[in-house]
Amino acid sequence: MPTPPPNQIVLVTPAHPYRMAEAYQPVSVTGVLEPGMEKSQLFILDGVLIVQSGYTVRKAEVADVDSVPDAVTLPVNSPWNFLNKKKN
């Protein structure tokens, strides 16, 4: 299967090493999403693949999905405050 286009790939660099329990484990990534093309090497079973990403998140906090809170504390003037409002 070919790699997705760069606008669908985010290169995440964690602030602290993160060890996954299994492949394709869902995680939560928190950080600043920045646009910009970047190339990186992906080591796969039968060699190396150069992957181009359209976005990066540096110094990201990575956590298991189970440990993610239901609500995130946002600044008062954040345009994303509507996400924390509870549905009736």
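Trainee: What makes β3 and β4 count as paired strands?

Mentor: In this predicted model, 10 bridges join β3 to β4. Pairing needs at least two bridges, so β3 and β4 qualify, and they run antiparallel. One bridge partner in this pairing is V57 of β4, set against L33. The two strands also form a hairpin, with 2 residues between them.

Trainee: Which other strands pair with β4, and in what sense?

Mentor: β1 pairs with β4 in the parallel sense, over 5 bridges; there, V12 has V57 as its bridge partner. β2 pairs with β4 in the antiparallel sense over 4 bridges, and T30 is matched with E61.

Trainee: Why is the contact between R58 and E38 called a salt bridge?

Mentor: The closest N and O atoms of R58 and E38 are 2.6 Å apart. The cut-off is within 4 Å, so this pair meets it. A search of the whole structure finds 1 salt bridge. R58 lies in β4 and E38 in β3, so the pair ties together parts that are 20 residues apart in sequence.

Trainee: Are R58 and E38 buried, exposed or in between, and how do you know?

Mentor: R58 has 43% relative accessibility and E38 has 25%. Buried means under 20% and exposed means over 50%, so R58 is partly exposed, and E38 is partly exposed too.

Trainee: Why is P26 called exposed?

Mentor: Its relative accessibility is 54%, and exposed means over 50%, so P26 counts as exposed. P26 sits in the loop between β1 and β2. P26 and D64 are 38 residues apart in sequence, with their C-alpha atoms 6.9 Å apart in space.

Terms used: Residues numbered from 1 in each chain as written. Predicted model: local features only at pLDDT ≥ 70, side-chain atom pairs only at ≥ 80, totals over all residues. Heavy atoms only, no water. Buried < 20%, exposed > 50% of the residue type's maximum accessible area, 1.4 Å probe, protein only. Salt bridge = Lys/Arg side-chain N within 4 Å of Asp/Glu carboxyl O.
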